[in-house]
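Take a look at the model below before reading on. Keep it in view while you work through the text.

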Amino acid sequence: MNLLHNLLVAVQIISALVMIGLVLVQHGKGADMGASFGSGASGSLFGATGSANFLSRSTAVCATIFFAATLTLAFFANDRASRPAGGTSVLEGAAAPAASVPATGAALVPGAASAAAAAVPAPVAVPASGADAVPSK
């Protein structure tokens, strides 16, 4: 299974690099646009490009190989046979609740627990409406 995974990654990387090279070598569709405004060859501005040449067909083949390798790697990454049958969730393996986590790092130092408890301020009462917070004369 590991050999197949490595082979698929290698095929994906090689096809991506070949596809990048083929796209960079190709002549752009709109490259004649600037020449068409001054020269009277305006029929090729947005017209039909004709049949596909070797480079465009090679790019299509490389893109198909790249997408097939990507989908195969995604399928192997989401392999349900290797998971436990209990349907465990990510949240089931979560850490302790936030209430048990100390508020400051001082609680981790021996002998500083009493100082950390004394340094916690009392809760401040919040007014029920915003009108109570406005100072008056």
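This report goes from the whole chain to a surface patch, then to ring pairs and single residues.

## The whole chain

The model is predicted. How many helices and strands does the chain have? The secondary structure comes to four helices and zero strands. Read from the N terminus, the elements run α-α-α-α.

The chain has 137 residues, and 11% of them count as buried. About 11,000 Å² of the chain is exposed. Carbon and sulfur atoms supply 69% of that area.

Now consider contacts between residues with a separation of 6 or more. Of these, 74% join residues 24 or more positions apart.

## A nonpolar patch

Which residues make the nonpolar surface patch? They are Met1, Leu4, Leu7, Val11, Val61 and Ile65. The patch covers about 540 Å².

Two helices, H1 (2-25) and H3 (54-77), each supply at least two residues of the patch. The largest share comes from H1, with three residues. Met1 sits in the segment before H1. Is Met1 buried or exposed? Its relative accessible area is 62%, and exposed means over 50%, so Met1 is exposed.

## Two aromatic pairs

The structure holds two aromatic pairs. The rings of Phe66 and Phe67 have centres 5.7 Å apart. Their planes stand at 65 degrees. Planes over 60 degrees apart count as edge-to-face, so Phe66 and Phe67 form an edge-to-face pair.

The other pair is Phe75 with Phe76. Here the ring centres are 6.0 Å apart and the planes are at 50 degrees. Why is this pair called tilted? An angle of 50 degrees is neither under 30 nor over 60, so the pair counts as tilted.

The table gives the accessibility of each of these residues.

| Residue | Relative accessible area | Class |
|---|---|---|
| Phe66 | 21% | partly exposed |
| Phe67 | 51% | exposed |
| Phe75 | 59% | exposed |
| Phe76 | 25% | partly exposed |

The class follows from the cut-offs. Phe67 has 51%, which is over 50%, so Phe67 is exposed. Phe66 has 21%, which is not under 20%, so Phe66 counts as partly exposed.

## Ser15 in helix H1

Next, find Ser15 in helix H1. Is Ser15 buried or exposed? Its relative accessible area is 5%, and buried means under 20%, so Ser15 is buried.

What does the side chain of Ser15 reach? It reaches the backbone oxygen of Gln12, at 3.0 Å. Set aside neighbours within four places in sequence, and Ser15 is in contact with Cys62, Ile65 and Phe66. Two of these names have come up already. Ile65 belongs to the nonpolar patch, and Phe66 pairs its ring with Phe67.

## Gln26 and Thr59

Where does Gln26 lie? Gln26 is in the loop between H1 and helix H2 (33-39). With a relative accessible area of 28%, Gln26 is partly exposed.

Gln26 has contacts beyond its neighbours within four places in sequence: Leu55, Ser56 and Thr59. The side chain of Gln26 reaches the backbone oxygen of Leu55 at 3.1 Å. Gln26 can also be placed relative to Asn53. The two are 27 residues apart in sequence, and their C-alpha atoms are 10.0 Å apart in space.

Now turn to Thr59, which lies in helix H3. At 13% relative accessibility, Thr59 counts as buried. Which residues does Thr59 touch, leaving aside neighbours within four places in sequence? Thr59 is in contact with Met19, Leu22, Val23 and Gln26.

## Ala63 in helix H3

Helix H3 also holds Ala63. Its relative accessibility is 17%, which is under 20%, so Ala63 counts as buried.

How far apart are the C-alpha atoms of Ala63 and Ile20, and what separates the two along the chain? The atoms are 9.9 Å apart, while the residues are 43 residues apart along the chain.

Notes:
Residues numbered from 1 in each chain as written. Predicted model: local features only at pLDDT ≥ 70, side-chain atom pairs only at ≥ 80, totals over all residues. Heavy atoms only, no water. Patch = residues over 30% accessible without salt bridge, like charges linked within 9 Å, V, L, I, M, F, W, Y side chains within 5 Å. Areas by Shrake-Rupley, 256 points an atom, 1.4 Å probe, with all protein chains shown as cover. Salt bridge = Lys/Arg side-chain N within 4 Å of Asp/Glu carboxyl O. Buried < 20%, exposed > 50% of the residue type's maximum accessible area, 1.4 Å probe, protein only. Phe/Tyr/Trp six-rings, centres within 6.5 Å; stacked < 30°, edge-to-face > 60°. Contact = heavy atoms within 4.5 Å. Polar contact = N/O pair within 3.5 Å; in protein donor to acceptor, adjacent residues only side chain to side chain.
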